[in-house]
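Here are a few exercises to work through with the model open beside you. Try each task before you read its solution.

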Amino acid sequence: MSWNDFYRRRDIIDAVLKQAARNPRAELPFAEIAGAREAFGSEEQLLLALQYKWTQVLTGKLRAEVAGPEDAYDVPGGEPDHVDAVARAWRTAARENAALRAVLDAGVDRYPALRKAYEAELRMLAVTAALAEPHEPRDEVTRVGEAFVSLLRARTDHLTAGRRANPMGQLLRKLAPTA
């Protein structure tokens with residue numbers, strides 16, 4: 001791939017996400033974006049490129065939150081809480097990339113290759129949060145990751161709904177971010 005191809009694909013991804021932000025649960029605007037078919041070939045390939053973009057964002061957030069295992073034992077008091085760190089990383093990535101996450105969620109069951117990539121993400125989250133071990137059965141680790149993400153989504157939805165429904169709570173959160 002040339003640099004021109006790279007920039008063209010990046011611009012198409014940006015255009016798709018900009019358009020999808022208006023209605024993330026709607027059908028992917030693949031046909032409406034000029035050059036998308038030539039650059040990606042199919043909607044599935046575009047979704048896989050979007051999944052790759054999400055993986056880059058998420059793994060960056062995970063690395064920032066979790067640090068390396070070599071850092072875990074230097075902290076007085078023992079091991080850090082990886083579940084909270086992974087939860088913070090996922091929530092931050094999802095909040096900062098809401099349209100991207102929504103487009104992927106809407107397409108995950110339509111294409112087997114995208115489902116496979118999503119299941120790999122679930123396993124990565126489960127193992128990174130120390131909820132599963134890498135040597136455990138693949139299906140079991142995937143289920144643990146799926147349950148974990150479901151809890152993250154429910155908590156995020158609950159917090160978002162609560163903030164919308166309670167203006168006083170919003171004000172208190174602004175005055176005391178830990179509230």
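**Exercise 1. Find which element gives the largest share of the lining of the second largest pocket, then describe that pocket.**

Start with the share: α1 supplies 5 residues, the largest contribution to this lining. Keep in mind that this is a predicted model.

Next, list the lining: Met 1, Phe 6, Arg 9, Arg 10, Ile 13, Asp 14, Ala 49, Tyr 52, Lys 53 and Gln 56. Two elements, α1 and α3, each give two or more residues to it.

Now sort the residues by character. You should get 5 nonpolar, 4 charged and 1 polar. As for volume, the pocket comes out at about 260 Å³.

**Exercise 2. Say whether Phe 6 is buried, exposed or partly exposed, and place it in its surroundings.**

First, locate the residue: Phe 6 sits in helix α1, which covers residues 3-20.

Then take its relative accessible area, 37%. Buried needs under 20% and exposed needs over 50%, so Phe 6 is partly exposed.

Finally, look at its company. Phe 6 joins Met 1, Trp 3 and Tyr 7 in a nonpolar surface patch, and together they have about 520 Å² of accessible area. Met 1 and Phe 6 also turn up in the lining of the second largest pocket.

**Exercise 3. Work out how many cavities of 30 Å³ or more there are, and what lines the largest cavity.**

Count first: there is 1 cavity of 30 Å³ or more. The largest cavity holds about 50 Å³ of space.

Next comes the lining, made up of Pro 24, Ala 26, Glu 27, Leu 28, Glu 43, Leu 47, Val 103, Ala 106, Gly 107 and Arg 110. The elements giving two or more of these residues are α3 (43-66) and α6 (98-107). Of the elements, α6 gives the most, with 3 residues.

Sorting by character gives 6 nonpolar, 3 charged and 1 polar. Gly 107 is in the lining, and glycine goes into the polar class.

**Exercise 4. Decide whether Ala 87 is buried or exposed, and find how far its C-alpha atom is from that of Leu 151.**

Place it first: Ala 87 belongs to helix α5, residues 82-96.

Its relative accessibility is 6%. The cut-off for buried is under 20%, so Ala 87 counts as buried.

For the last step, pick the two C-alpha atoms. Ala 87 and Leu 151 are 64 residues apart along the chain, and their C-alpha atoms are 9.5 Å apart.

Terms used. Residues numbered from 1 in each chain as written. Predicted model: local features only at pLDDT ≥ 70, side-chain atom pairs only at ≥ 80, totals over all residues. Heavy atoms only, no water. Patch = residues over 30% accessible without salt bridge, like charges linked within 9 Å, V, L, I, M, F, W, Y side chains within 5 Å. Areas by Shrake-Rupley, 256 points an atom, 1.4 Å probe, with all protein chains shown as cover. Salt bridge = Lys/Arg side-chain N within 4 Å of Asp/Glu carboxyl O. Helix = DSSP H or I, 4+ residues; strand = E, 2+ residues; numbered from the N terminus. Buried < 20%, exposed > 50% of the residue type's maximum accessible area, 1.4 Å probe, protein only. 1 Å grid on protein atoms, 1.4 Å probe; cavity = no way out; pocket = protein on both sides within 12 Å on 5 of 7 lines; lining within 4 Å. Points joined across faces, edges and corners; volume = space filled by probe spheres on them.
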